[in-house]
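Biologist: I should like to learn how to read a protein model feature by feature. Where should one begin?

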Amino acid sequence: MRWRPLYCRSVRRHRFGNPAFIETAITKSAQSAGATILFSNFHRFSPEGVSGVLVLAESHISIHTWPEHSYAALDVFMCGRARPKAAIAVLKEEFKPIRVVEYLLARGRADNADQYSQPDRIDSERWLKGLER
């Protein structure tokens with residue numbers, strides 16, 4: 001299984017505050033990856049922000065947005081013949097972020113445990129702290 005956390009910054013607020021737009025974009029990305037969509041659930045927070053998940057036979061794509069910071073965190077988990085790179089290309093095209101931080105981590109195999117090293121965690125924490133500036 002491949003896990004691709006994706007952190008997007010400097011996205012227009014209306015893109016990350018609109019659950020219908022987000023669900024359409026994520027659905028399009030899953031279809032482009034050849035994934036099988038099982039169901040979805042997206043929730044809009046007040047006053048703004050969206051969290052949601054598209055559950056796939058091959059795993060899932062999830063998103064959490066902070067429109068007030070022009071920021072979103074996405075997880076693209078896929079196994080089998082699904083193509084996560086294709087999904088991510090569509091997400092980048094739909095959301096049009098100015099800056100993207102992306103990781104590729106293998107999941108589900110004990111011999112890949114060293115991929116969950118401290119540097120990735122530190123980079124993520126630095127990225128999130130940047131929102132406070």
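Modeller: Let us begin with burial: a residue counts as buried under 20% relative accessible area, as exposed over 50%, and as partly exposed in between. The model before us is predicted. Of the 133 residues of its protein chain, 43% count as buried.

Biologist: How much area does the protein chain expose, and what share of it do carbon and sulfur atoms supply?

Modeller: The exposed area is about 7400 Å², and carbon and sulfur atoms supply 52% of it.

Biologist: How many helices and strands does the protein chain have, and in what order do the elements run from the N terminus?

Modeller: There are four helices and seven strands. Their order from the N terminus is β-α-α-β-β-β-β-α-β-β-α. As for contacts in the chain with a separation of 6 or more, 58% of them come from residues 24 or more positions apart.

Biologist: How should I think about the interior?

Modeller: In soluble globular proteins, nonpolar side chains tend to be buried together. Here the largest nonpolar core has 24 residues, and those with the most contacts inside it are I26, I63, L74, M78 and F95. The elements that each give two or more residues to this core are β1 (2-9), α2 (19-32), β3 (50-56), β4 (59-66), β5 (71-78) and α3 (84-95). Another core, of five residues, lies apart from it, and Y7, Y71, V101 and Y103 are among its members.

Biologist: Which residues do ring pairs link into a cluster?

Modeller: The search of the whole structure finds three aromatic pairs. In one pair, the ring centres of W66 and Y71 are 5.3 Å apart and the planes stand at 40°, so this pair is tilted. W66 is partly exposed, with a relative accessible area of 33%, whereas Y71 is buried at 0%. The cluster that you ask about consists of F16, F21 and F95, linked by ring pairs.

Biologist: How does one read a single helix, and which residues of α2 are buried?

Modeller: The general idea is that an α-helix has 3.6 residues a turn, so residues three or four places apart point the same way. In α2 the buried residues are I22, A25, I26, T27, S29 and A30. This helix has 14 residues and reaches 20 Å from its first C-alpha to its last, close to the 20 Å expected at 1.5 Å a residue.

Biologist: What is found at the start of α2, and what follows this helix?

Modeller: At the start, a side-chain oxygen of N18 comes to within 3.0 Å of the backbone nitrogen of A20. After α2 comes G34, which has a positive phi, near 75°.

Biologist: How should I judge backbone geometry at residues other than glycine?

Modeller: Most residues other than glycine have a negative phi, and most peptide bonds are trans. Two residues here may be read against that background. S59 is not a glycine, yet its phi is positive, about 140°. This serine lies in strand β4 and counts as buried, at 18% relative accessibility. Its side chain makes a polar contact with the side chain of H60, at 3.4 Å. K96 is likewise not a glycine and has a positive phi of about 50°. K96 is placed in the loop between α3 and β6 (99-102) and is partly exposed, with a relative accessible area of 41%.

Biologist: Which residues does a cis peptide bond join?

Modeller: The bond joins S46 and P47, with omega about 10°. P47 is located in the loop between β2 (37-44) and β3.

Biologist: As a last exercise, how does one read the surroundings of one residue, and what is V55 in contact with beyond its neighbours within four places in sequence?

Modeller: One first places the residue, then asks about its burial and its partners. V55 belongs to strand β3 and is buried, with a relative accessible area of 19%. Leaving aside neighbours within four places in sequence, V55 contacts T36, I37, L38, F39 and H60. V55 and F39 are 16 residues apart in sequence, and their C-alpha atoms are 5.4 Å apart in space.

Conventions:
Residues are numbered from 1 along each chain as its sequence is written. This is a predicted model: local features need pLDDT of at least 70, side-chain atom pairs count only at pLDDT 80 or more; totals for chains, interfaces and linings use all residues. Side-chain values use heavy atoms; hydrogens and water are left out. Rings of Phe, Tyr and Trp (its six-membered ring) pair if their centres lie within 6.5 Å; planes under 30 degrees apart count as stacked, over 60 as edge-to-face and the rest as tilted. Buried means under 20% relative accessible area, exposed over 50%, partly exposed in between (1.4 Å probe, protein chains only). A nonpolar core is a set of buried Ala, Val, Leu, Ile, Met, Phe, Trp, Tyr and Cys residues joined through side-chain atoms within 4.5 Å. The expected span of a helix is 1.5 Å times one less than its number of residues. A polar contact is a pair of N or O atoms within 3.5 Å; within protein, one must be able to donate a hydrogen and the other to accept it, and residues adjacent in sequence count only if both atoms are side-chain atoms. Contact means heavy atoms within 4.5 Å. Accessible areas come from the Shrake-Rupley method with a 1.4 Å probe; for residues, only the protein chains shown count as cover.
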